[in-house]
Amino acid sequence: MIKLLSHLSLVIPSLLHDNLTPVKNNNNTIALPKHANFPAPRDALEFAILSQIIYSQTNCTDPRLPTHLTCHLYEEKKDGTNVMLASSKSQNYIAIIYEGTNNVKNWAHDLNISLMLLGPANDPLITTNTTTAPGPQVHAGFNEAVFNEGLFDELFSRVKLLSENDSSLTKVIVSGHSLGAANAIITGVAMAFLDPSLNVEVYNYGCPKTGDAAWKKFVDSSCNALGRDGNLAVWRFVYEEDIVPRVPLEDDKFKHVGHTVQLESVGGAGAYYFHYGDQNLRLRGVPRNWESEALLSTDSVSSHNIDNYISYMKKSVNDPQRYFANSFLPTKKVNSDIKVLGMMS
């Protein structure tokens, strides 16, 4: 199994932005560097389409794949985890796409909601030097889907080889829908942690919560936010009242990592800073009824369909001002003369 950082002892740092106050410039705006590099609408659409294709993909020669994409690996594991590794010289990325829940074996991973340390069970990637806090813990089912049968080792070695042999491939984008979205986060975080030279971005659709509070703190503090030179960005797209991002329901046990981009057919798109917001930065978190509203909705299950995400992303390409987000939502108490700035990538 993975031996690159065997027996590594890591004290989990506290979030660097916990006690910061907003930095206002002469124009009375709150500048948000680096982490405000939102994905481009066309990229979000392309990876939603790839996350749909892999549900019925069987090999690297699938004619539905974009012509600019070179498929290097398509693998079907015995446990039902399917994944594609590809690259695009014209778009300058290496792509890893995971299939979502599509069979009984996948559901077994979904339902295994116990927690475990990130990485192989006998050789976790991250531990601490304390007995009371063993380290950030993740959903066991998702973790096993990524690290069992040597899948992560193969993907990681191939990504490093592609990156080293072609300087035009400047970033790694990991993506998926549903269970595939969760696997994408586990994979992206692990790769960014193991190789700081990799620039890793995660775009996912309908992603469930992936780990505990220590996991959230570790992942979010690893993201390239607030001027930090992090090599990770996590963007989670949620279509309307999709039920899956609201689970597991034990919010004291499971947390969301990265930023949430909520997609509404009527109200447009809104981005929530690290999902829960930051009062010091005057940035809004998801509404208090974000979970309960979905649980009461009759459309929460149908909203999870990947087709909904693709249809919405097509609208965002045609009308990004209404159907996409390029800045985070400010808290409602923010003064009307203060603007929160974001930048398109």
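**Core, helix α6 and a surface patch**

Of the 345 residues in the protein, 56% are buried. The model is a predicted one, and its chain folds into nine helices and 14 strands. Take the contacts with a separation of 6 or more: 73% of them link residues 24 or more positions apart.

On the inside, the largest nonpolar core takes in 87 residues, and M84, I96, Y205, W215 and F237 touch the most other members. Helix α5, which covers residues 179-194, gives the most to this core, with twelve residues. M84 shows what sitting in there looks like. Leaving aside neighbours within four places in sequence, M84 is in contact with L50, I54, Q57, L65, L69, C71, L73, Y74, A95, I96 and I97.

Helix α6 (residues 213-222) is worth a look too. Its buried residues are W215, K216, F218, V219, D220 and S221, and they pack against α5 as well as strands β7 (137-139) and β10 (232-239). At the N-terminal end of α6, D212 acts as a cap, with a side-chain oxygen 3.2 Å from the backbone nitrogen of A214.

Now for the outside. The protein exposes about 14,800 Å², and carbon and sulfur atoms supply 52% of that area. L249, L295 and L296 make a nonpolar surface patch of about 330 Å². L249 belongs to the loop between β10 and β11 (259-264). Why does L249 count as partly exposed? Its relative accessibility is 47%, and the partly exposed class runs between 20% and 50%, so L249 falls into it.

Methods:
Residues are numbered from 1 along each chain as its sequence is written. This is a predicted model: local features need pLDDT of at least 70, side-chain atom pairs count only at pLDDT 80 or more; totals for chains, interfaces and linings use all residues. Side-chain values use heavy atoms; hydrogens and water are left out. A nonpolar core is a set of buried Ala, Val, Leu, Ile, Met, Phe, Trp, Tyr and Cys residues joined through side-chain atoms within 4.5 Å. Buried means under 20% relative accessible area, exposed over 50%, partly exposed in between (1.4 Å probe, protein chains only). Helices (H or I, at least four residues) and strands (E, at least two) are DSSP runs, numbered from the N terminus. Contact means heavy atoms within 4.5 Å. A polar contact is a pair of N or O atoms within 3.5 Å; within protein, one must be able to donate a hydrogen and the other to accept it, and residues adjacent in sequence count only if both atoms are side-chain atoms. Patches are made of residues with over 30% relative accessible area and no salt bridge: like charges are joined within 9 Å, nonpolar side chains (Val, Leu, Ile, Met, Phe, Trp, Tyr) within 5 Å. Accessible areas come from the Shrake-Rupley method with a 1.4 Å probe; for residues, only the protein chains shown count as cover. A salt bridge is a side-chain nitrogen of Lys or Arg within 4 Å of a carboxyl oxygen of Asp or Glu.
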